[in-house]
Amino acid sequence: MPLWTIHHTPGIFTDEEKHQLASRIADHYEQVGLPRFYVVTLFHQTRPEDFYVGGEPTPAGVRIAIDHIARSNPDRESRRRTARWIRGMLQPHLEGHAALHWEFHIDETSDDLWMINGIAPPPAGSDAEQRWAASNSASPY
């Protein structure tokens, strides 16, 4: 499960831009073999007076926390590729904002600590996971 939590000050994303970005995020994970419903994207608008960088309020800011549970990167180069992919996907949405502070990080968590609808997801690449992807929903296996 990739969980993207996007904290942002007002005026960074329109509703349509949120939808486009969330769709692009889900598209990527689907292309690498994850069931599309594994991908959750949350947008949290934060007032500039509640968004601090270096102890100072930030008039234009984006902070993204990404949790990867369904898969993890096996080595440094794959982690760097993932970071470059994320940067490349975000830049078109963010580069037009003057004086914007933006950053992201990715945490990789054990899939032993994850359930969907009370069901532990099937092993990566298994027939059961492929059935989940085809039905775009969790079911007993």
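Trainee: How many bridges join β5 to β6?

Mentor: In this predicted model, β5 covers residues 61-68 and β6 covers residues 101-108. One of the links pairs G61 with H101 in β6. The two strands run parallel, and the number of bridges joining them is eight.

Trainee: What is the order of the strands in the open sheet?

Mentor: The sheet has four strands with mixed pairing. Strands of a sheet pair through backbone hydrogen bonds, either parallel or antiparallel. The edge strands, which pair on one side only, are β2 (40-45) and β6. Read across the sheet, the order is β2-β1-β5-β6.

Trainee: By how many degrees are neighbouring strands of this sheet turned against each other on average?

Mentor: The sheet in question is the open one of four strands. With direction ignored, the average turn between its neighbouring strands is 10 degrees.

Trainee: Which strands does α2 touch as it packs on the sheet, and what angle does its direction make with that of β6?

Mentor: Helix α2 spans residues 76-94. It packs on the sheet through contacts with β1, β5 and β6. Between the direction of α2 and that of β6, the angle is about 150 degrees.

Trainee: Which element gives the most residues to the largest nonpolar core?

Mentor: This core holds 30 residues. At least two residues come from each of β1 (2-8), α1 (15-31), β5 and α2. The greatest contribution is five residues, and the element that supplies them is α2.

Trainee: Which residues touch the most other members of that core?

Mentor: One residue to examine is Y29, whose contacts can be listed without residues up to four places away in sequence. On that basis Y29 touches P2, W4, L34, V39, I66, H68 and W85. Within the core, the residues that touch the most other members are W4, Y29 and V62.

Trainee: Is A99 buried or exposed?

Mentor: A99 lies in the loop between α2 and β6. Its phi is near 55 degrees, a positive value in a residue other than glycine. Most residues other than glycine have a negative phi. Because its relative accessibility is 76% and the exposed class begins over 50%, A99 counts as exposed.

Trainee: Where is N117, and what is its phi?

Mentor: N117 has its place in the loop between β6 and α3 (127-135). This residue is exposed, with a relative accessible area of 70%. Its phi is positive although the residue is not glycine, and the value is near 50 degrees.

How values were computed
Residues are numbered from 1 along each chain as its sequence is written. This is a predicted model: local features need pLDDT of at least 70, side-chain atom pairs count only at pLDDT 80 or more; totals for chains, interfaces and linings use all residues. Side-chain values use heavy atoms; hydrogens and water are left out. A nonpolar core is a set of buried Ala, Val, Leu, Ile, Met, Phe, Trp, Tyr and Cys residues joined through side-chain atoms within 4.5 Å. Buried means under 20% relative accessible area, exposed over 50%, partly exposed in between (1.4 Å probe, protein chains only). Contact means heavy atoms within 4.5 Å. Two strands pair if DSSP finds at least two bridges between them. Axes are lines fitted to C-alpha atoms, for helices over the stretch in contact, and angles run from 0 to 180 degrees between N-to-C directions.
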